[in-house]
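Notebook open, coffee poured. I want to go through this one chain piece by piece and jot down what I look up.

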Amino acid sequence: MATYTAQPKKFMALCIIDILKKYSDADHRLNQKDIEDKLRTDYLMEVDRKSVKRNLVDLIDFGMNIEYDEIVRTVKNPRTGEMEENVIYTNFYLESDFSDSELRLLIDSLLFSKHIPAAQCEKIIFKLEGLSSIYFRTRVQHISKVPEDRTDNKQVFYNIEILDEAIRLGRKVSFKYLQYDTGKKQQKKLDESGNERVYIISPYQMAAKDGKYYLICNYDKYDDISNYRIDRIADIQILDEKVKPFKSLTGADGKPLNLAAYMKEHVYMYSSAPIRAKITLERRFVDDVIDLFGKDVRFIELADGRVQATVRANRESVILFAKSFIPWVTVNEPEDVRTEIKKTIEEGLKIYT
């Protein structure tokens with residue numbers, strides 16, 4: 001354990017807070033002697049019992065989230081010889097802003113978010129661990145290894161900052177877009193002339209989905225809604241042009257962006273317009289339908305034991321869901337979606353036969 005340089009007594013209150021933050025929680029409480037010992041060993045500070053108690057009381061009175069027990073003892077006053085009640089504070093611990101389970105949830109979210117580069121992910125996890133005691137760090141050692149299947153783009157957080165500023169200002173941005181080649185290296189997309197393609201975008205909102213971070217926006221060449229992976233954006237710049245109003249776009253139905261509704265309708269983050277589809281499925285897939293399309297799905301029990309589900313989602317999401325669960329899921333409506341799935345199945349059958 002690292003040892004600090006000797007600290008003057010005027011910093012005692014700060015040192016006590018640091019000790020409680022590192023070494024205490026609801027299951028590991030410190031008495032006053034424990035704190036005195038840590039002040040001597042970690043901070044090389046010569047202390048006495050009365051000064052430590054005074055600083056603890058001052059911190060509690062100041063409103064720090066220090067929990068403690070009060071023990072009332074009857075002792076004889078050496079001056080008067082009378083028995084008096086004396087209140088002793090003990091079993092101190094600092095109540096953290098986050099519970100260990102909340103920190104674990106945040107860390108797990110980082111570990112399985114592929115849009116954050118590994119080195120940056122580890123730095124954030126280290127900061128989160130520092131919000132709890134040393135005992136929490138002991139419990140999370142087995143998840144400290146960051147998965148390797150992550151983005152190679154080191155400018156993710158810079159992209160987020162720039163996009164946040166552009167959205168706040170209502171301004172367009174330009175960027176280049178990355179894609180992997182067969183050597184598993186990210187390269188910038190090229191246009192028809194072989195030059196690096198520059199995208200002019202109206203940004204509206206950023207959203208996380210399935211471990212990836214997306215920009216909901218409009219590609220200036222068209223009048224529909226697009227989604228781009230933020231971890232694949234490079235060379236981003238804010239432009240002087242104002243964004244197109246979201247409600248003017250195809251698929252917006254003349255309304256501003258409702259992020260909750262948009263995410264519910266775009267379960268795979270394809271950007272096609274939402275449709276209302278009727279799907280027949282085996283009962284065992286009801287959970288999957290709710291997980292993907294939310295609880296607004298309407299179910300009807302069928303005579304053959306199967307279920308008909310009516311969902312509202314974007315067209316490509318309905319098609320991908322149906323193809324993923326062939327032959328147990330069938331799209332009944334709309335007819336053009338049904339026809340497209342049928343054509344795909346027929347073409348696939350030719351390949352495999």
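What share of the contacts in the chain with a separation of 6 or more comes from residues 24 or more positions apart? I looked it up, and the share is 63%. Note to self: this is a predicted model.

**Entry 1, the overall count.** I tallied the secondary structure and got 11 helices and 12 strands. The chain runs to 353 residues, and 38% of them are buried.

**Entry 2, the largest nonpolar core.** I went for the biggest core next, and 22 residues belong to it. Ile279, Leu281, Val289, Val311 and Val318 are the members that touch the most others. I then checked which elements supply at least two residues each: the strands are β9 (274–281), β11 (307–314) and β12 (329–333), and the helices are α9 (286–293), α10 (315–324) and α11 (335–352). I picked Ile279 for a closer look and skipped its neighbours within four places in sequence. Ile279 is in contact with Val307, Gln308, Ala309 and Val311, then with Val318 and Phe321, and further along with Val329, Thr330, Val331 and Asn332.

There is a second core, separate from that one, with 20 residues. Cys15, Val52, Leu59 and Leu94 are among them.

**Entry 3, α1 against α3.** Two members of that second core, Val52 and Leu59, turn up again in this helix pair. Helix α1 covers residues 12–23 and helix α3 covers 49–62; their axes come within 10 Å and cross at roughly 75 degrees. I therefore put α1 and α3 down as roughly perpendicular to each other. On the α1 side I listed Met12, Ala13, Ile16 and Ile17; on the α3 side they meet Ser51, Val52, Asn55, Leu56 and Leu59. Sorted by class, the α1–α3 contact has seven nonpolar and two polar residues, with no charged ones.

**Entry 4, α4 against α5.** How do α4 and α5 pack, by angle and axis distance? Helix α4 (residues 100–111) and helix α5 (residues 118–129) make an angle of about 175 degrees, and their axes are 10 Å apart. Since that angle is over 145 degrees, α4 is roughly antiparallel to α5. I wrote down Leu103, Leu106, Ile107, Leu110 and Leu111 for α4, and Cys121, Ile124, Ile125, Leu128 and Glu129 for α5. By class, I get nine nonpolar residues and one charged residue in the α4–α5 contact, and no polar ones.

**Entry 5, cysteines.** I searched the whole structure for disulfides and found zero. I checked two cysteines for burial anyway. Cys15 has 5% relative accessibility, so I count Cys15 as buried. Cys217 is at 0%, so Cys217 counts as buried too.

**Entry 6, two loop residues.** Val243 sits in the loop between β8 (233–242) and α8 (259–265). Val243 has a relative accessible area of 22%, so I logged it as partly exposed. C-alpha to C-alpha, Val243 and Leu169 are 9.2 Å apart, though their positions lie 74 residues apart in sequence numbering terms. Outside its four-place neighbourhood, Val243 is in contact with Gly170, Arg171, Lys172, Ser202, Pro203 and Tyr204.

Arg197 is in the loop between β4 (186–188) and β5 (199–209). Buried or partly exposed? At 24% relative accessibility, Arg197 counts as partly exposed. Arg197 and Lys176 are 21 residues apart in sequence, and their C-alpha atoms are 6.1 Å apart. Leaving out neighbours within four places, I noted contacts from Arg197 to Phe175, Lys176, Lys189, Leu190, Asp191, Glu192 and Tyr219.

Technical notes. Residues are numbered from 1 along each chain as its sequence is written. This is a predicted model: local features need pLDDT of at least 70, side-chain atom pairs count only at pLDDT 80 or more; totals for chains, interfaces and linings use all residues. Side-chain values use heavy atoms; hydrogens and water are left out. Axes are lines fitted to C-alpha atoms, for helices over the stretch in contact, and angles run from 0 to 180 degrees between N-to-C directions. Angles under 35 degrees count as roughly parallel, over 145 as roughly antiparallel, 65 to 115 as roughly perpendicular and the rest as oblique. Contact means heavy atoms within 4.5 Å. Ala, Val, Leu, Ile, Met, Phe, Trp, Tyr, Cys and Pro count as nonpolar, Asp, Glu, Lys and Arg as charged, and the others, Gly among them, as polar. A nonpolar core is a set of buried Ala, Val, Leu, Ile, Met, Phe, Trp, Tyr and Cys residues joined through side-chain atoms within 4.5 Å. Buried means under 20% relative accessible area, exposed over 50%, partly exposed in between (1.4 Å probe, protein chains only). A disulfide is a pair of cysteine sulfur atoms within 2.5 Å.
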